[in-house]
Structures are given as C-alpha cells and as structure tokens.
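Trainee: I have a structure open and do not know how to read it. Can we go through it feature by feature?

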Amino acid sequence: MTQIIEDVTISGDGAQNAIGNWASRDLILTQLQFVTRQPSMVLSEGEIADRVAGYVPVPNHEEVLRTLHEYHAVGIAGAPGSGAATTAVAALRQLRPDLPIRQFSMDTEDVEQIGARQPQGYLVRAGDEEGDSRLRTCMEAVQASGGYLLVVGAAVQEKFREFLPVYPVYPPPPEAVYRAWLTRRGIDHPRWWNWSRAPALLRDAKPYDARRLAELAASIGNEHEVEQVYLRWNEQLHTWFAKNGEPRDQALMIAAATIAPADETSVYGAALSLARQLNIRPEGGGLVWCPSTGLNELLGADREGDRLVFRRQGYAESVLRHVWDDYPLTRTDLLTWLSALPVDDEVDLPRDLRGKLVEVFADLAAEHDAVDKILRKAEVWATRHGAADLSYIALARTCLHPRVGGRVRRRMYELATERRTPQMLKLTVAQVCEVLGQTHVSVALTRLKHLGTYGDDVVQEEVFQVVRALAAVHPEQVFQTLLIWCRTAMNLQSQKDMFNRARIGLRALLGEHDRPLPSQYEAPVPDRTRLRSVLEVMEQLAACGEHVRPLVVDAARTLAAGGYRAHVLQAALVWAGRPGPASMMGTEIFLMLAAEQAPDGIPVILTDPGAIDPVDCTPAWAVAIATQAMGQGGFAAFEGTLRLWLDAASRLPALRPRIVSMIERATGGDIMRRAVVLGIVRRWALTGPGRNGVKNDVLVRLLYPEWKRLLFVIWVWVSSMFVRDTSE
C-alpha cells in the first residue's frame, strides 16, 4: 500500500517511514552536547556554580543584594560579556543558596505557569519580551510565588526603570576576574598569576574576555599560543592575507579553514564553489589553482592521513571571522556560500562536512542577526532537498541563541501549529524540541503538543520519543504537562485533533507515571499519586466521545498488564456507577478485565490475590445488562464474559451464591434485563454438564411473572428431595 501524507511519500502496510536524510540519534546527541556547553544557552547548575565561584563582586553588589531581598526583582543593565547575568545570578545565590535558577523566555513561555511552581529564580534577558506590560505581569507573578526575577541586558535601563529597580553593571578589574577564574580552574602556578602579558591583553577587556583568557591558559598551557588564540590569530592572518592577495588562494584558505579537517578533494571543491559565489573566474580553470603538492605550504596546514588539518588551536575558526571583519563586502556572499554548499550537487562533500558547513553557517548567521536566512534555509533543506539533518542542525544551534533564539522559537511554533507544514519539517521541529527543552521545557512541550495534535503517526512517534527524553531531565514538569494535554483534548473542535492529542498524551503518560523520581521530589517510587492522576484523566477523556474510548480502554489494558490491575478495576467500577459517558467506558474496561482467565479458566479478578467480591461488581454488570436490554448493540464482550462467570459459579461453590446474588442485583427487577440474563443462562446451561444447579439458582430469582417464579421454586424444592439430578 502506498499513501501520500502531505508532501512526503509513505510506503508500507501500517508501517510508515519518512523518506529523506533524517537527523540520527548521534547527530542529536552531538548538538545536545554543543548546546549544553554554551553558557549563554543552557544555565545548568554546573554553570551557575562556575559563575558564582569565578565572580568578582561589582562595586554596587551590596545595593543589588538589598534590592533583590526587598523587592524580589532587580534589573542589571549591561552589554553582553559585561557580567550582568553573572552579577544577578551570584547575588541571588548569595541571598538564597537553596533556590533553583532558570532562564525564562518572555516571548514564548506562559507567565501563568510561574504561580503553579515552587519558588524559583527567573533569569530574563531584556529583548526577549514583547513589551513592558508583559514583563510587569511576569514580575508580579514571580513576586506572588515567592520567587525572584533577574532581568539583564543592555536594554533594561531604558525600557523598564519606571517599575523595575535597575542598576548599571560596573565591571570589576579584568585582571581580578582572570585570577578568579584561574583559581576556579585549579591553576595556581605563578607563571599564569603573574603573566606579564596579561595586563596588556586584558586592557579594556570585559569579564567574559577575562574568563576566556583564563580558560585558554588552563586548557593550552603555552603562553605564546594562549596569546595568539586569545587574539584570534589576528596578526598572523593579516600577514597571510596581505602576502597572498590572489583571490583563488584566499578562497582556498577560507574553504579549507571552514571545513577542516577535510580531504583534499573536498577542500578544492569548496574553494571552487566559493570562487563561483565571489565571481572569481580565472582563465585556465583548474590548472591555475595552487597544485596539491603546494597546498600545505600555502595554507600553513598539515596532513593527517588523507586529511588536511590546522594544528594551531583556534586558527581555522579565526579565518572566517577575520574575513568577515576585514572584508565587509563579502558577508552576504559568505552566508550564501555556506548555506548553498551543503546541498551543491556539483561538489561531492561527505555528509559530516556538509553538517559542519551548516554549523558554521548557523553560528555565523546567528551572531550577526541573520535569522531570516537561517529560517529560510532550514525550511528549504528539509522540504526541497530532503535534508532534514541539515535543517535540524541549523535550528538546534540557534533555538537557544541569545540574539536570535526568540525568533527561531516563534517560527518553530508556527510550523508546529500549521496543519499544512510538510511532514519532514514537522519531524525536524520535534527533534529540535529536545534541545530547546534543555532550557525552556514548557516552550518545547507546547510545540510538541501541537505537533502531536496535527501530525500523522510518524510525527506522533517522534513526539513521543522526544517527550520521553525530556522527562528524563524534567520528570515532574513533563508529567504535569501531559495531564494538561489530555484534559484539553476535549476542548478541540475536530474529532481527529481530539483523538490525536488524547492518544499522544495517554501514551506518554503511561510511559511516565511509574518513572522513578529523583530524590529531590521526595516521592515514593513509583508515585501512586501519579497513577491516580492518570486514572482521573482517563475518566475525563470519556467526555470526548466514542471515538476516543478505544484509546482509554487500551490504556487501561496496558496499566493492568503492567501490574496495576487492581487500581484499574477499582476505577472502572467507580466510573461504571456514575452517570454520563464515563459509565459506558468504565463498564467496557470492567468487562475486559473480567474476561481475563487464569490457567484453570477461572476469571483472574475472582481468584488471584486481592480478588474482588462479585457483588462489588454489580454497578458494571448492571450497565452492561441494561445496555443489552435496550437493544443499543451492547458490549461485544458481554455474553462471553457472563458465561465465564457462570462457569466460575458452577466450579467454585464458595463463589456461587455471591455471583448469583450479583446477577439478581444487576437486573434490578427490570423484566427486559431479566429476559436478557435468563436467555444467556439457559443457552449456557445447554453447553455442558453440571450447570443445572447454577441455572436453577438464577431462575429462582429472576423468573417472571411472579406466579411462574413461585411454581419454579416449589418445583426445585420438590426435585431436590425426590429427584436426583443425573447431570450432577
């Protein structure tokens, strides 16, 4: 069978597979590792500890501390790298060492969620918000919750000083910051503490630069190389480009530095592509380029097997930055080249080099605010070129970027909520949500909710996998959000949307309700309150109608098979006894459980440890019998399950009176219900020996009219005295 889903061909009988280069798990892990190493993207506990340990108090630190204590909110005005965020984080950690601190995105996160959580510190970067009214609302919510709001950025002072206490950051001496970070990295050698070049290198430096110099000293160790890497090899690159003024040689350098380590063929192919982009068209074609025997010497590179490498740390990365800064007229061409080369059919690049080109493109474009180009190319790669892996890299590396992340996240939301978004692009957005959720889990879950609602089976599977991955990091928040997904399903207008959201929500909940929780949640393992919440949501989903009921029944079956049969049975009986749609759903689940047999053929719920009293099952049986009597189609499992219970009554004398009593109560004296049961009992009695006793017990209680029942009672009594039932 071949089915067309949106603009991607899906083949197979029930199994659907998206065609194209999908982001592999290895690629996802690579981007996760990249993002978690970026302090501006993920504010981890380790990063907070590093910042506090490397913090040199600013002159107005005490004022910031007092204001934070009094107002639970403060703004720190300062440009990127000035230490504004570190000052805010260090002040809050000094004031409340026990309080978790997280980044909060004003443009994509719901302010109402603040009040639903335990008090926290919220770090907001000025520029993410849509306006001062939204920030004011956020501040009020944080203060009401007992938390603390930290607003940082260059725009704080001019935008919010009317209602937010704002302090400009006065950076401490960079040499003091440098030494503090040396201490943090365990470097106590006088060579670095008293390094003669440090004062000159740090002249007019920001705290970020001082930290960077200390990190380089800790990782490299060679004074000359540390200095050159810190200065981004500026002098050497100026010299090289002045000496090698031929455009095709410069194209070779730019191409090699961008994709290195790379094989020689790839370097020449990338350089030729750049030359075309820059309109460098020398006569003689390939013969006028530097021969391969002189390539190493021209570029100052080495060979490692069949690959060309740059040994000097940070040198290759500095080349593109140097060209961008010194040759501004090439900037548009550079971005166009970087975005076109990964899918250039004329240049046969290995897949890893194509991915590296996209990384360079995304980082460079984000740094220089070219967000429209990032988003446009990401969508083109996924939809026109079938290269969702490239699209994933671009979005994953920029969705948390401090400059363009907010706009990337907004576009991800639009793609998630648009029904006509191509499947491959939906899959890509779902995968990127795992990266996004490292910092903004509620933002990621919102996009996943819509992808699961409007996506097909393939997209739903990916959403499920990403939700499970996020739950490993944020178990409680993910679980509570999944409950909301299910509760809001009934508010959707489309039955298909309702079904999809209920399906993905229930499936994820079943995978999370018994996840062992970290010790900080102080909950038993598994947490029975979670199971209770899942069962409550299942009852609420009954309001969605009959098309959703099979999902709930399947969920009940899964829970029962997972060791929670008693809990599901109890819930089903409660639901069956309530008026409304939950009654039918509870009865169907009960019949499913009531039909499960032990190896000896007896219903499990009647004999296993924790067996239920048959009389306690009266509400569910009453609904099942009444539905059958009204001729509404009934329950498919009804007659077969009742026969199993009659078998149990026949084989287990101790259960017989309780089962017969349950049957009598479930019919409730209604003649039509009695007729349904009597017909089944009579048919059952004819299918095997030893069944007349149970049949007679039922007839004695249900036969009608009354005179006929009384005559049958007398007949049974007389028979028991004078006639032996040969069938027994």
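Mentor: Start with burial. This is a predicted model, and 53% of the 728 residues of the protein chain count as buried; buried here means under 20% relative accessible area.

Trainee: What is the radius of gyration of the protein chain, set against a compact globule?

Mentor: The protein chain has 35 Å, while a compact globule of 728 residues would have a radius of gyration near 27 Å. The C-alpha trace spans about 125 × 70 × 45 Å along its principal axes.

Trainee: How many helices and strands does the protein chain have?

Mentor: There are 36 helices and ten strands. Take strand 6, residues 148-153, as a case.

Trainee: How many residues of strand 6 are buried?

Mentor: Six of its six residues are buried, and the strand is mostly covered. To read a strand, look at which way its residues point. Tyr148, Leu150 and Val152 point one way, Leu149, Val151 and Gly153 the other way, and all are buried.

Trainee: Which strand pairs with strand 6 over five bridges in the parallel sense?

Mentor: Strand 3, residues 73-77, does so, and Ala73 has Leu149 as its bridge partner in strand 6. Strand 5, residues 121-125, also runs parallel to strand 6 and is joined to it by five bridges. There, Gly121 has Tyr148 as its bridge partner.

Trainee: How are the charged side chains counted and placed?

Mentor: The protein chain has 80 positive and 87 negative side chains. The centres of the two sets lie 5 Å apart.

Technical notes: Residues numbered from 1 in each chain as written. Heavy atoms only, no water. Buried < 20%, exposed > 50% of the residue type's maximum accessible area, 1.4 Å probe, protein only. Helix = DSSP H or I, 4+ residues; strand = E, 2+ residues; numbered from the N terminus. Pairing = 2+ DSSP bridges. Rg over C-alpha atoms; globule rule 2.2 N^0.38 Å. Lys, Arg positive; Asp, Glu negative; His and termini not counted. Charge placed at Lys NZ, Arg CZ, Asp CG, Glu CD.
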